[in-house]
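Please open the model in your viewer and keep the selection tool at hand, since each stop on this tour begins with something to select.

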Amino acid sequence: MSLYEERLHNPGVAALYLHIPFCVQKCAYCDFASRATVPDDSRMGRYVDVLIDQVRRCAAAGLLQETRTAYIGGGTPTLLGLDLVRLVEAVRGACPNLAEFTSEANPDSLSPTLLARLAEVGLTRISIGVQSTDDAELKALGRVHDAETALKRVREAVGLGLDVSCDLMCATPLQTEASWKESLYNILGCGVGHVSVYPLQIEEGTPLARGVGDSEPAWNSTDVQADRMETAYQVLTAAGYEHYEVASYAKPGKRCLHNIAYWSGQTYLGLGTSAASMLSREAYENLRKVSSWLPHVPDQAFRMRLKVIDNLKPQVKLEVLTGPQAVAEDLMLAMRTADGVSSDQLAYAERLLGKDKIERCIAKLVRRDLVLASDSTNKGHDGLEAATSGSIAARGALCEPKPTHQGWLLGNELYEALWDLAPGQETIVMEASA
């Protein structure tokens, strides 16, 4: 059985995600599951108690024995203060084989004392939501920190020896090409190993969306987003960062292993309100030992996707995928990365979906300059060579298909074509509660 097939039948989870739904205040653009909370609100401690109990019960069921990465996101995990330290300790105790342990952080709630305590109890990596190093831009986004505080906290985290990632946001109100470059260079000056860059998405129902109305603001146009992402590519790769995923750049050896698990078909478990899981049938049945109220699934169920609606009731939304759907989904997710589709993943997809069908799809994507179907020695923009002309059959085996730069820019078209490899099958969606 290949490594990819083993992932498809993993009885445990490779990655653990914990969601913290508390913030000092909601940012103007935020539609995440979070609520404004004062720092001493007793609900936060009770929420952490529930998470710790869930983690320990999942460990007792054998789900976390081989878990390699853990990630605490939000919301603002660092708003928890010492309760975050308790949570990190509990996860460390439940996951004996962690290679990477990340927490998200906001600069305003990330004190030097908290940083030091988190490092002491086993956090290895911190992802800091900087977004911009321009105070006017931060204010327009509804962020509660200023640029000076953000850069100071980043430098302190680097100085402690943690692996540090910074989030930056582009195509935002008041941002210019010059201020975007300045934010990039300011973060590079702190010596971080990882940078994530995202165009601002104006989500329905947010204060930002209400402010702009139905019009597309010029500062957030598709062209501006593409220009800013291209600028990030030029600046970061020139500084020695590898563009290894659509929005992610890393120094050698500093890729985010947790996010790679999401993109490479590995099982993961999400705990906490709004957290998502992706489980093999085998892992799902083990989870049912912990949460017997979860429903039985149909015989054709191959992969289960769960989203926690309410962590305290508890209540979940469950989506059931067949084998072909799971394989098509993994092909789509792999194309988010510079590595693309592995040879064993491709071989399994050909067996399940049909070799001719896969080859026709990839050939079409090659002709549209969305995919490169060649060997891994070819290099070029984003570490990829532009797709060559001619049929795949004329050039031999597919090897390991990868996205081209154009494929990343037109990602929706690429992902849709791969998902359509499993047509005519509706995913089964149900809700369940204890």
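**Cysteines**

Begin by selecting the cysteines of this predicted model, among which the count of disulfides comes to 0. Go to Cys95, which is in no disulfide, and look for the nearest cysteine sulfur, which belongs to Cys58 and is 9.4 Å away; a pair would have to lie within 2.5 Å to count as a disulfide. Cys95 has a relative accessible area of 1%, and is therefore buried. Select Cys361 next, where the relative accessibility is 14%, so that Cys361 counts as buried, given that the cut-off is under 20%.

**Aromatic pairs**

Now show the aromatic rings, which form 5 pairs in the structure. Select Phe22 and Tyr47, whose ring centres are 5.3 Å apart and whose planes meet at 85 degrees, so this pair is edge-to-face. Which parts of the chain does the pair bring together? Phe22 belongs to strand S2 (residues 22-23) and Tyr47 to helix H2 (residues 42-60), so the contact ties together parts that are 25 residues apart in sequence. Both Phe22 and Tyr47 are buried. Move on to Tyr262 and Tyr268, whose ring centres lie 4.5 Å apart with the planes at 65 degrees, so that this pair, too, is edge-to-face. Tyr268 is buried, with a relative accessible area of 9%.

**Strands S12, S13 and S14**

Switch to a cartoon view and select strand S12 (residues 276-280) together with strand S13 (residues 303-310), which pair in the antiparallel sense over 5 bridges. Within this pairing, find Leu279, which stands opposite Met304 in S13. Then add strand S14 (residues 315-321), which runs antiparallel to S13 and is joined to S13 by 7 bridges. Here Leu306 can be found opposite Leu318 in S14. If you trace the chain from S13 to S14, you will pass 4 residues between them, and the two strands form a hairpin.

**Helix H12**

For the last stop, select helix H12 (residues 323-334), and place a distance between its end C-alpha atoms, which are 17 Å apart. At 1.5 Å a residue, the 12 residues of H12 should span 16 Å, so the distance in the model agrees with the expected span. Is H12 mostly covered or mostly open? H12 is mostly covered, with 11 of its 12 residues buried. Among the buried residues to colour are Gln325, Glu329 and Asp330, as well as Val327, Leu331, Met332 and Leu333.

Notes: Residues are numbered from 1 along each chain as its sequence is written. This is a predicted model: local features need pLDDT of at least 70, side-chain atom pairs count only at pLDDT 80 or more; totals for chains, interfaces and linings use all residues. Side-chain values use heavy atoms; hydrogens and water are left out. The expected span of a helix is 1.5 Å times one less than its number of residues. Buried means under 20% relative accessible area, exposed over 50%, partly exposed in between (1.4 Å probe, protein chains only). Rings of Phe, Tyr and Trp (its six-membered ring) pair if their centres lie within 6.5 Å; planes under 30 degrees apart count as stacked, over 60 as edge-to-face and the rest as tilted. Two strands pair if DSSP finds at least two bridges between them.
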